[in-house]
Amino acid sequence: MRLSSFLAVFRPAFPLILGLSLGCSLSLLMVSWTQGDTFDSCGDELGNRGLFLGSNRGDPHGDQRGGPGNEDFQPRVIPYHKDPNKPHKKVLRTRYIHTELGIRERLLVGVLTSRATLNTLAVAVNRTVAHHFHRTFFFTGLRSSKVPHGMTVVAHGDDRPVWLMYETVRHLHQHYGLDYDWFFLAQDDTYMQAERLAELVGHLSMGQDLYMGRSEEFIGGEERARYCHGGYGYLLSRSLLARLQPHLDTCRNDILSVRPDEWLGRCIIDYLGLSCVEVHQDMTYRSFELGKKADPEREDSAQFKNAFTVHPVSEPSLMYRLHKRFSQIELDWTYLQIQQLQVQINNLSELTPEGKVGAIWPIGVNPPFMPKTRFEVINWEYFTEEHIYSCSDNAPKCELRGANWADVSAVLETAVKHLNEHYQPQLRFKKRRLLNGYRRFDPTRGMEYVLDLALEAFTQKGHSQVITKRVSLLRPLSTIEIIPMPYVTEATRVQVILPVTVREQDFVGNFLDMYAMNTLDTHDNVLLTFLFVYDPFDAQRVSESDVFAGIKAMIGEVEKRYDDLRIPWISVKTEVPSQVKLMDIISKKHPVDTLFFLASVWTEVNADFLNRCRMNAISNWQVFFPAHFQEFSQTILYRDQQTMASFPAEALRDGRFDRHVFEEACFYNADYMESRTKMAADILDDDELLESMDVYEIFVRYSGLHVFRAVEPALVQKYVRRACNPRFSEDIYHRCVLSNLEGLASRSHLAMALFEQEQANST
């Protein structure tokens, strides 16, 4: 009885117990088989060869070269032993993951130039291909008096060619030997096809010694060893550079040669036993020798079209012509690839369930966005050749001009061009007028267009007829490209400059409160300097009655609240407080590496914006002009005082981004001084011209820097009606008036205020 009840309880678990027992038994049998005979030929071969080339784990007596050529392929586990006697230290992690993992950049390019050609051929090399590489250096013996802008020039102090080569190789290994996998050296009379060189190093294994270029025989030609011709450039691997470094001094003393490329080739052959190769891992180094009177536009040979480098280039204009020719070759090849891919996609579409009907137009582009709800529907904009019927200010109709006019003109021209290409020679079309135009922006595809065109069609016999045709066009979104930017940190000190006039001093108290709460209480790395702007009348009475005495007292109170805090101020006397004049005074009183933030008394400084100021203002590269968020006038928004009082302070603010004001800016002092120096040669201290310009115009006109203009949600200003000075330029005065008008309230609020006013007047 007890046994039957026991079996009844465990009967449902019998299949599970049986399965576990069978699985354990089979696993034990498998272990006994695998531990039997391990000397299998297949396993022995894999153990000897390893998973990667150069791995010697299977054969301890195998090749033990290791060395720099194999270190990238052998994983190493570094044990961690904590010493209990030493105090614990906080581990500092690197900013980027590739730094912590030891991932190096792919290619560094060095161009050998001279004092005579630095401002001619070297500049042409820099303008044509340097921006395609991660880093490009120009090595010369003696530096010229004026270094071209935007070029990294390294001067070694000696014009001897062999000495220049020796110092260049030593400099590359010493400063960049651990940061790059490949080093490409060429002369300044060499044109380089950047994309093809990058593709070449992308297909080569970086963990081996390689000396690659156009091989040439030594003078005499007795030996089989060859060197790489310097005029066509040559590629050096990082491991080869590391092995060559200890022998450079010996090569400099023992090897006599006039040509630097021969000297380097002899050094590599004698001490490393490597010769120059043109083919490696099925990759061929292609070069082309340019004739003395050759015309790049007429060169059509396969050797020219497939070349990585072209030599010799005698003058800068020839360098630009070569760049234009190779750019056209790459563009034609890209269009040919697109056509071939479209044909393949069209042929493969027959095998799909939908057949050719399922092929999406244009072929190879994402399908149109399909909205799931009515709120996701993308609206079409209607336009003609003169007007567009969807305006940014919600007006029903506005004139077609600016970028919109250029866009419509380009689309019409493209439509007629493609129609002629498709129907010629049977028909030829000429545009009469645009009947209807529709466009919409699809974020998954690009800008779509539908055009109803009135066309005059001409036959081959000369007959013509006006017809109507509807065409569809697409301006696709291009591939997103990550632009390399210089490295910046968020630890840079920001120098806030606050100009204050007599009319603006009532707003300084709120500025100081926000500044103390957001920067001083948080110990942010920020300094503040006041710039008091006196008019001539107030400046004469400053000893008797200082109009800024109240502000100076407030500054003193803030300094008492914080230890070791000093807020300096500078007094300026002028009738017209031009931004350029004030900045000239500030610039002379600060170091060149100072990061300025020009603020206004209505600015609310906070940590989020200061960090973006540090990240977006890059020395010798970019200046930042944020578009602040301007609150609307609460007098109009909340005409009922009770509603205005009950409005919560933390609620969403009503306003807009003010694109008409350029008062706030972040830039480095060195960049401003350089732009101001270029400007001084044009204006010759013309005070009227200085008054008509602002800092933004100086950077746009006289600097080669990126002028970054973007909306800044962390930079908020309350509404205030600015006093527009008519003595400024017409453009600055007009922008000030527009800022006051557009910042008053939205159209709906203004309409409601007018409606209520009319209702009150009618009663």
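1. Buried, as the word is used in this note, means a relative accessible area under 20%, whereas exposed means over 50% and partly exposed covers what lies in between. The model under discussion is a predicted one, and with that caveat in mind the points below concern charged pairs and one nonpolar patch.

2. The pair formed by Asp584 and Arg676 has both of its members buried: Asp584 has a relative accessible area of 16%, and Arg676 has one of 13%, so each value falls under the 20% limit. The salt bridge between Arg676 and Asp584 has its closest N and O atoms 2.9 Å apart. Because Arg676 belongs to helix 22 (residues 669-683) and Asp584 to helix 18 (residues 579-588), the pair ties together parts that are 92 residues apart in sequence.

3. A second pair, Glu712 with Arg612, is a salt bridge in which the closest N and O atoms are 2.8 Å apart. Here distant parts of the chain are linked, since Glu712 sits in strand 27 (residues 706-717) and Arg612 in helix 19 (residues 607-616), with their positions 100 residues apart. The two partners fall into separate accessibility classes: Glu712 is buried, at a relative accessible area of 2%, while Arg612 counts as partly exposed at 33%.

4. Salt bridges that share partners also occur, and they join Glu381, Asp407, Arg439 and Arg475 into one network. A reader going through the charged residues of the model may therefore wish to view these four as a group, given that the bridges connecting them have partners in common.

5. For Arg298 and Asp295 the closest N and O atoms are 3.7 Å apart, and the pair counts as a salt bridge because the cut-off is set at 4 Å. Arg298 is exposed, with a relative accessible area of 73%, whereas Asp295, at 24% relative accessibility, is partly exposed.

6. How many salt bridges does the count come to under this rule? The count comes to 33 salt bridges, among them the Arg298 and Asp295 pair and the Arg676 and Asp584 pair.

7. Away from the charged pairs, Leu331, Tyr335 and Ile338 make a nonpolar surface patch of about 280 Å². Of these residues, Tyr335 is placed in helix 13 (residues 316-348), and its relative accessibility of 49% puts Tyr335 in the partly exposed class, because exposed would require over 50%.

Definitions and conventions: Residues are numbered from 1 along each chain as its sequence is written. This is a predicted model: local features need pLDDT of at least 70, side-chain atom pairs count only at pLDDT 80 or more; totals for chains, interfaces and linings use all residues. Side-chain values use heavy atoms; hydrogens and water are left out. A salt bridge is a side-chain nitrogen of Lys or Arg within 4 Å of a carboxyl oxygen of Asp or Glu. Buried means under 20% relative accessible area, exposed over 50%, partly exposed in between (1.4 Å probe, protein chains only). Helices (H or I, at least four residues) and strands (E, at least two) are DSSP runs, numbered from the N terminus. Patches are made of residues with over 30% relative accessible area and no salt bridge: like charges are joined within 9 Å, nonpolar side chains (Val, Leu, Ile, Met, Phe, Trp, Tyr) within 5 Å. Accessible areas come from the Shrake-Rupley method with a 1.4 Å probe; for residues, only the protein chains shown count as cover.
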